[in-house]
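Trainee: Could you help me learn to read a structure like this one? I would like to go feature by feature.

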4 protein chains.
Amino acid sequence: MANILYIGDFSKWKNSFKYSYPITVRFSETDAFGHVNNTIAFVYFEEGRINYFKDIGLSEEWFSKKGKLIPVTADLQCDYKKQVYFDENIEVSVKINMIGKTSVDLHYMITNSVGEVCMTGRGKMVQVSRATGVATPWSESSRKLLEANHFSID
Amino acid sequence: MANILYIGDFSKWKNSFKYSYPITVRFSETDAFGHVNNTIAFVYFEEGRINYFKDIGLSEEWFSKKGKLIPVTADLQCDYKKQVYFDENIEVSVKINMIGKTSVDLHYMITNSVGEVCMTGRGKMVQVSRATGVATPWSESSRKLLEANHFSID
Amino acid sequence: MANILYIGDFSKWKNSFKYSYPITVRFSETDAFGHVNNTIAFVYFEEGRINYFKDIGLSEEWFSKKGKLIPVTADLQCDYKKQVYFDENIEVSVKINMIGKTSVDLHYMITNSVGEVCMTGRGKMVQVSRATGVATPWSESSRKLLEANHFSID
Amino acid sequence: MANILYIGDFSKWKNSFKYSYPITVRFSETDAFGHVNNTIAFVYFEEGRINYFKDIGLSEEWFSKKGKLIPVTADLQCDYKKQVYFDENIEVSVKINMIGKTSVDLHYMITNSVGEVCMTGRGKMVQVSRATGVATPWSESSRKLLEANHFSID
């Protein structure tokens, strides 16, 4: 798997995740080829990402009805390594790769119940104003929280 | 098909639709049984319903960002008559069954490219306040529009 | 809620469910009105239904790749009682209402974390041949299993 | 947009697409932030990709029930440039970037009704055996077809 640009040493990369969120594959997520449809990887990434932010206690009020800031995806990518099927118990692991002024770059890894890596991915989230769409810097407390959860691979 | 409570004479019922919206089945809408997943029928109903309202010129500003009223589903049902597959060209027909003070009861019919009925359905939409969720009467102009598009089966 | 045809005494009906499956609402399941999109109710019903069948030990090999029989939805309906929002912890309760020769009629109830009923529903599943689509009777063991899990409301 | 690795000269890149597929944004594709959910970009890419293959006449029997070969996604990525909203008429443009022995690398561009680029993307599809998952070379006729539709940017 050396050909994935966002992954250096695969073994180190794999072992550097400290958070994972469990998901059981729904039947409605499969397609006529019998496996999980490719688009669902990004549903799992979003599910993992939001629960990761909740887990580390990120306090920006993104999901409150009156919140003025929202997180948007700047980019996303997924490498498909192994098919995933209905009813499999998978784990979506998430970690911080880089912290920007208004953004955070996250890495993702989906593993199956025997620990095989099925999908890897990454993507940048940017915090923007709900009203104007303009990128908005992290609050001091959010930045500290992100930094406290940013672990070096080495 | 006499056993569907919301349909009297099936032939008359089928012929009384005056509006239909074309949809081509997406691959991501199929499931591992090879056909369209049952949940997608309601995606098609919503797609047909919204385009029907647009077609008749319903002027309530439901989908404007600052609109104070929104339509919500009070109930929905679907009878599955024939499997639908990837890449089929289907039509979602929609008609008004009954008009209430704050609601409208719609009937749905999905047919395939050779005119076979694949799914039938119905459901009541209610207009509510976005802020409070309270049911809100149709404006005079909307009621007139709905009535002008409410055709008797006989 | 007396006006829902498939529910007699609501309190008795509500209390007669013995199985429920927990789900946390995903952000991708919401829509621009801020709540869960109406079509997702049926995703939750399918999720609850499949896990219910697994829970009672139904042995038909519906989801095996080489299984000759599959379950299909004959009809489905949902009554929306209360809006559901992102990140809510809900429960999908499922029970058997009636057992047919080739089918089973299921009732559904979705409750939120404070026990309020948000959605109710029902629908008939039919066991059919994967190859021909013809309705196929329950095996003796499956019928016994269904009957053993069919509890009278009274 | 110089920072997107798969795009060289953006203007040349944009103008080199010869195929596009029209899509109208569904309400069920939006999320509680009011715009199209990030995961839907990949639904649009799949919709564009499949229709592109159909358009150029690719003859592999991927979607036939008895077809022995299927296309799977090796990787996918999307860069989000501009929010997309309910009811927008968008175009998904697709083109061949590179042809491999068993795979094809595609580029994607989603534009809105005034021609603004909302999303760009790329991804590799691999043709595999449905039974074994092993990558399988293009037939001679498919390769010729792909090559005939592979246009240089310059």
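Trainee: Let me start with a small detail. Which residue just after H2(B) takes a positive phi?

Mentor: Good place to begin, and please keep in mind that this is a predicted model. The residue is B:Gly57, with a phi of about 85 degrees.

Trainee: And the helix before it, how do I read that?

Mentor: Start with the general idea: an α-helix has 3.6 residues a turn, so residues three or four places apart point the same way. Now the case here. Helix H2 of chain B covers residues 40-56, which is 17 residues. From its first C-alpha to its last it reaches 24 Å, close to the 24 Å expected at 1.5 Å a residue.

Trainee: Is H2(B) mostly covered or mostly open?

Mentor: Mostly covered: 14 of the 17 residues of H2(B) are buried.

Trainee: Now the strands, please. What should I look for?

Mentor: In a regular strand the side chains alternate between the two faces of the sheet. After that, look at the order of the strands. Here an open sheet of 10 strands runs E1(A)-E3(A)-E4(A)-E5(A)-E2(A)-E2(D)-E5(D)-E4(D)-E3(D)-E1(D), with antiparallel pairing.

Trainee: Which strands are the edge strands?

Mentor: They are strand E1 (19-24) of chain A and strand E1 (19-24) of chain D, each of which pairs on one side only. As for the twist, neighbouring strands of this sheet are turned by 25 degrees against each other on average, ignoring direction.

Trainee: How many bridges does the edge strand E1(A) make with strand E3 of chain A?

Mentor: Six, and the two strands pair in the antiparallel sense. To see one on screen, find A:Tyr21, whose bridge partner in E3(A) is A:Val92.

Trainee: Where do chains A and D join within the sheet?

Mentor: Look at E2(A) and strand E2 (residues 69-80) of chain D, which pair in the antiparallel sense over five bridges. There, A:Asp75 stands opposite D:Asp79.

Trainee: How many residues of chain A are in contact with chain D?

Mentor: 18 residues of chain A are in contact with 18 residues of chain D. On the chain A side, the elements that give two or more residues are helix H2 (40-56) and strand E2 (69-80). E2(A) gives the largest share, 10 residues. By class, this side of chain A has nine nonpolar, six polar and three charged residues.

Trainee: What about chains B and C?

Mentor: Strand E2 (residues 69-80) of chain B is joined to E2(C) by five bridges, and the two run antiparallel. B:Leu76, for example, has C:Cys78 as its bridge partner. E2(C) is also joined to strand E5 (residues 117-129) of chain C by 11 bridges, again antiparallel. One of the pairs there is C:Gln77 with C:Arg122. E2(C) is mostly covered, with nine of its 12 residues buried.

Trainee: Last topic: how do I describe the way two copies are arranged?

Mentor: Two copies of a chain are related by a rotation about an axis and a shift along it. For this pair, a turn of 180 degrees and a shift of 0.0 Å along the axis lay chain A on chain B with an RMSD of 0.0 Å. That is the relation of a two-fold axis.

Trainee: Which residue of chain A comes closest to the rotation axis?

Mentor: A:Asp31 does, with its C-alpha at 1.9 Å.

Trainee: And how do chains A and B touch?

Mentor: Nine residues of chain A are in contact with nine residues of chain B. The chain A side has three nonpolar, five polar and one charged residues. 100% of the interface residues of chain A are also interface residues in chain B, so the copies meet through the same surface.

How values were computed: Residues are numbered from 1 along each chain as its sequence is written. Chains are lettered from A and ligands numbered from 1 in the order in which they are written. This is a predicted model: local features need pLDDT of at least 70, side-chain atom pairs count only at pLDDT 80 or more; totals for chains, interfaces and linings use all residues. Copies are superposed by least squares on the C-alpha atoms of residues with pLDDT of at least 70 in both. Two residues are in contact if their C-beta atoms, placed from the backbone, lie within 7 Å. Helices (H or I, at least four residues) and strands (E, at least two) are DSSP runs, numbered from the N terminus. Ala, Val, Leu, Ile, Met, Phe, Trp, Tyr, Cys and Pro count as nonpolar, Asp, Glu, Lys and Arg as charged, and the others, Gly among them, as polar. Two strands pair if DSSP finds at least two bridges between them. The expected span of a helix is 1.5 Å times one less than its number of residues. A residue is buried if 20 or more other C-beta atoms lie within 10 Å of its own, exposed if 12 or fewer, and partly exposed in between; C-beta atoms are placed from the backbone. Axes are lines fitted to C-alpha atoms, for helices over the stretch in contact, and angles run from 0 to 180 degrees between N-to-C directions.
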